[in-house]
Amino acid sequence: MCEKQLLNKAAIITGSAQGIGKSVAQALAAKGANIVISDIDEKLSLETAEEIAKTYGVLTLSVKADVSKYDDVENLVKMTLDKFQKVDILINNAGITKDNLIIRMSEAEWDSVININLKGVFNCIKSVSKVMMKQRCGRIINIASVVGLMGNAGQINYSASKGGVIAMTKTSARELSSRNINVNAIAPGFIRTRMTDTLSEEQKKKLTDIIPLSRLGEPEDVAKAAVFLSTDDSAYITGQIISVNGGMYM
Ligand code: NAP
């Protein structure tokens, strides 16, 4: 198999200054893709873009964008086209949590999670699909969550947003397939990033006990699935939700 399967492809990864997004960016760069690191954290985004360019010898671009703002997303796509003249791969990764029990959840907690995790994915799909439709090819990969499939107490906003991402994956796969654009989602389980750092050791132990593979996931576990969905190895796969969860939900 060719080691540089994604040579000279242009990939946008949202929320990629750190965590799963950074790991996906590194894995795509290792396969030869040029990378657009986009995040709300401008400084970290620049550092990550420079680190990836240096490590993998690919071209990188850093663009500050809040995915919940359509103008930011349009600017992200414009800057990508200015540098790479195309968008081959979009990874919708930016996401947040603001957990609370239903009766305690504030309107602000609900709105911020829905605006970033759900509307943010819509904004990016809308803006990038205009480009991909003209190209008549493209790959869109949405980072959903096991919580969007099974629910989770204390996460009504987050589970609604990720369930919505799963539904949008299927709708956009149906709508864009005639232009050779594949749209899939990855539903990670509990992955060791800053997002899960807030869990206590006791909570992590409880989780590990219900995961058949007996460990939390690593960002690299998700990145490997994202590489597969970005290459021609997955050419006949669209509208699917790939679980990367150690078997915790089947
Ligand atoms: P993370 O370490 O917190 O990284 C997320 C990045 O997105 C951060 O750099 C964050 O910037 C950025 N971001 C936040 N709001 C943004 C916005 N409006 N526009 C653009 N970027 C924004 O999180 P992660 O664990 O890698 O999660 C990545 C994705 O995987 C999320 O969609 C998450 O829901 C999903 N996921 C994670 C897990 C897990 O266990 N970790 C499991 C299932 C699914 P700031 O630091 O400035 O906020």
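The following paragraphs describe the ligand site, the two largest pockets and two backbone features of a predicted model.

In this predicted model, the ligand is surrounded by 28 residues, of which Asn93, Tyr158, Ile191, Thr193 and Arg194 come nearest. By class, the shell around the ligand divides into 14 nonpolar, 9 polar and 5 charged residues. Polar contacts to the ligand include two that involve side chains of the protein: an oxygen atom of the ligand lies 2.7 Å from a side-chain N or O atom of Arg194, and an oxygen atom of the ligand lies 2.8 Å from a side-chain N or O atom of Asp39. The backbone also takes part, in that a polar backbone atom of Ala65 is 3.4 Å from a nitrogen atom of the ligand. Of the 900 Å² of accessible area that the ligand has on its own, 92% is covered by the protein.

With regard to secondary structure, two or more residues of the shell around the ligand are given by each of helix H1 (19-30), helix H6 (156-176) and helix H7 (194-197). Among these elements, H7 gives the most to the shell, with 3 residues.

The space that the ligand takes is the largest pocket of the model, for which a volume of about 1200 Å³ was computed. This pocket is lined by 48 residues, and those closest to its centre are Thr97, Tyr158, Thr193, Met195 and Thr196. Tyr158 and Thr193 are thus named among the residues that come nearest to the ligand and also among those closest to the centre of the largest pocket. The elements that give two or more residues to the lining of this pocket are H1, strand S2 (34-39), helix H5 (146-150), H6, H7 and helix H8 (201-210). The largest share of the lining, 4 residues, comes from H8, whereas it is H7 that gives the most to the shell around the ligand. The lining of the largest pocket comprises 22 nonpolar, 19 polar and 7 charged residues.

The second largest pocket holds about 250 Å³ of space. Its lining consists of 14 residues, of which Lys9, Arg139, Ser230, Thr231 and Asp232 lie nearest the centre of the pocket. When the lining of the second largest pocket is divided by class, 4 residues are nonpolar, 6 are polar and 4 are charged.

Two residues of the backbone also deserve mention. Most residues other than glycine have a negative phi. Against this background, Arg136, a residue other than glycine, has a positive phi, with a value near 60°, and Arg136 is placed in the loop between helix H4 (107-135) and strand S5 (138-143). A positive phi is likewise found for Asn180, again a residue other than glycine, at a value near 65°. Asn180 belongs to the loop that lies between H6 and strand S6 (181-188), and H6 is one of the elements that give two or more residues to the shell around the ligand.

Note on methods: Residues numbered from 1 in each chain as written. Predicted model: local features only at pLDDT ≥ 70, side-chain atom pairs only at ≥ 80, totals over all residues. Heavy atoms only, no water. Near = heavy atom within 4 Å. Polar contact = N/O pair within 3.5 Å; in protein donor to acceptor, adjacent residues only side chain to side chain. Areas by Shrake-Rupley, 256 points an atom, 1.4 Å probe, with all protein chains shown as cover. 1 Å grid on protein atoms, 1.4 Å probe; cavity = no way out; pocket = protein on both sides within 12 Å on 5 of 7 lines; lining within 4 Å. Sits in = over half its atoms within 2 Å of the grid points. Nonpolar A, V, L, I, M, F, W, Y, C, P; charged D, E, K, R; others polar. Points joined across faces, edges and corners; volume = space filled by probe spheres on them.
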